Amino acid sequence: MIWEPAPDAWERSRLADFARTVASDGGPDLHDYQQVLEWSLAKPAGFWRAVADWAGVRFHDAPTADIGSDRMPGAEWFPGATLNHAELALRQATLTPDDVAIVSVSQTRDRIELAWGELADQVARCRMGLADLGIGCGDRVVAFLPNIAETTVAFLATASLGAIWSSCAPEFGVRAVTDRWVQVDPTVLLTIDGYRYGTKDVDRSRHVEEIVAALPTLEHVVRLPYLDRNGDDGWSRLLDHDSEKAAAAMAFEPVPFDHPLYVLFSSGTTGLPKPIVHGHGGITLEHVKALALHYELAPGDRFAWFTTTGWMMWNFQTSAALVGATAVLFDGDPGSPDLTTLWRLAADERVDVFGVSAPFVMACRKADLHPGADLELAGLRHLGSTGAPLPPEGFAWIADAVGSDVQIGSLSGGTDVCTGFVGPASTLPVRLGEISTRMLGCDVQAFRPDGTRCGPGETGELVIIQPMPSMPVGFWGDDDGTRFREAYFDDFEGVWTHGDWITFTESGGCIITGRSDATLNRGGVRLGTSDFYTVIESLPDVADSLVVHLEDPEGGPGELILLVSLAGEAELDDELLGAIRRSLRAELSPRHVPDVIDRVRVIPRTLSGKKLEVPVKRMLLGATAEDAASRDSLADPAALDDIATWVASRVT
């Protein structure tokens, strides 16, 4: 047990308030998290209707039922209902117009702060500007914008019209952007000219020209002068409307519950990125539930998660508005001038709930940072981690170096559901190395290959056996649902298969040990990749690593291959090779000691930070770099060439 809630945590929690409301409305008496969880899984329709009622979601047309069909795929939530995501997101502007809605911190320009009233005004004027460009319900608006206030304004204005949003981070390559947006036929592009990353100015004007040329359906390009403040200011022209007239004309287009809100994309490492469509109703209910009932966010709280607009955590962070919390945005290099940058953001902006990635936590641990002692983090009550499994050493570092009173919220989910399905709860304890619980309304199980459930302590395929409202409406352009079914429902009939290995514990927590499609099967023993990375990347001379296993068709142990990139001037000499082998043997097992250890310049990762385990394995089995992965989906496209060169050297 590494963190425990206060004795009165339940009584003070928003979850308890929700439970009392459920009881007062004739529902069951619920007195702790486990009871609410069990009810949410036993009576999902009633649970999600209670979330909508408690959150004050306004249905313009009432639903004819809470759920029409619970069949997967094809579940139908709240048939007949109409609503608009942006309406709830801007409700706080009518309650506390002078309170802060958004803090936008950037390495490109000065800090910006928007009050709720200012946010509502800018959304109304942006909405009017988009309408003047002919944008209406169902049209696609795409944004090549960073994580700044204007991006949130544009998104909410788009949603209010019933138009459909999609964003890519400005660090994406041209091909990565066009492979995504050419699939959705956008009408309007919102873009910046460039940005500053740390101390480096990055001009994106040529990229924008190439993107525009590749999107034949574009009718308008709106430019925001971000790097060059004297550049073409299409953004100001878009918002150049009288505030009173805009406010009077402001409306929220009532759309069906499953009407597309935005299109998110998979990483696209092995083909065109999957265009994942999320609906107004499902995202609204799921994000209210997660942010209010799991993270305890309320009006006046400050919420920050380091993200770019190309990762689903941007969408998750933007939903802070649904619960009236202040979103603290950051755009820039989290390692410039050093790794304290994000910790200083959390201290300076008095952040209550702060989220980062697991690799960032481990990098801070490796750098021996102590932000809890060096900075004023007294207001920080929760540190979230996602993007990869957080190893036990990461939990221990947070408790020691950030603060033992800070709840550690390891979260796992995905772009596919735009949320987490296992994660934290403010009234549950945190155990070393474990994700605390199934999240409310998320019937997550571990399955054996034959479709039976695993017992506690047994590792299995992560599946979801009941529908969630935030499961995708479908894939854009996949009219008959074939691609959607193949992506999630091919393995087990009527069951969502997510592609991770998960182990549940006796306490109800869980441990995720990596992607199931990147499994290492060593002599019949399944090894999770995350265990390797925790041990190897704890060594001071190792900057990053990637491990793959080539199976022996005759059933032998196969070949276990470890690639490392090294820190600074380190060399992969006999001393370091010995240290790697000894560490793996001592901390894991002799089976974990690789047959091959070699060095590459950099480990290939996607733009969202995922390691390319499967594409590298495919290259080792004979695939070309072009067939194995899309270069523009990578943080460093040249990393694929390094792997190709290394693979070729093995052959010769």
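Two strands count as paired when DSSP finds at least two bridges between them. Keep that in mind for the views below, which come from a predicted model.

**View 1. Strands S26 and S27 pair up, with two isoleucines as bridge partners.** Here strand S26 (residues 496-504) meets S27 through 5 bridges, and the two run antiparallel. Pick out Ile502: its bridge partner in S27 is Ile512.

**View 2. Step back, and S26 and S27 turn out to belong to an open sheet of 4 strands.** The order is S23-S24-S26-S27, with antiparallel pairing. Strand S23 (444-447) and strand S27 (510-515) sit at the edges with a single partner strand each, so one side of each has no neighbour in the sheet. From one strand to the next, the twist averages 45 degrees.

**View 3. Now for another spot: strand S18, tucked away inside.** All five of its residues (382-386) are buried, 5 of the 5, so S18 is largely enclosed by the rest of the structure. Both faces are covered: His382, Gly384 and Thr386 are on one side, while Leu383 and Ser385 are on the other.

**View 4. S18 has parallel partners in S17 and S19.** Strand S17 (residues 353-357) is joined to S18 by 5 bridges, and strand S19 (residues 407-410) pairs with S18 over 4 bridges. Leu383 is a handy landmark here: it is the bridge partner of Phe354, and it also stands opposite Ile408 in S19.

**View 5. A helix joins the picture.** Together, S18, helix H18 (residues 392-402) and S19 make up a β-α-β unit, and this one is right-handed.

Technical notes
Residues are numbered from 1 along each chain as its sequence is written. This is a predicted model: local features need pLDDT of at least 70, side-chain atom pairs count only at pLDDT 80 or more; totals for chains, interfaces and linings use all residues. Side-chain values use heavy atoms; hydrogens and water are left out. Buried means under 20% relative accessible area, exposed over 50%, partly exposed in between (1.4 Å probe, protein chains only). A crossover is right-handed if, with the strands pointing away from the viewer, the path from the first strand over the helix to the second runs clockwise. Axes are lines fitted to C-alpha atoms, for helices over the stretch in contact, and angles run from 0 to 180 degrees between N-to-C directions.
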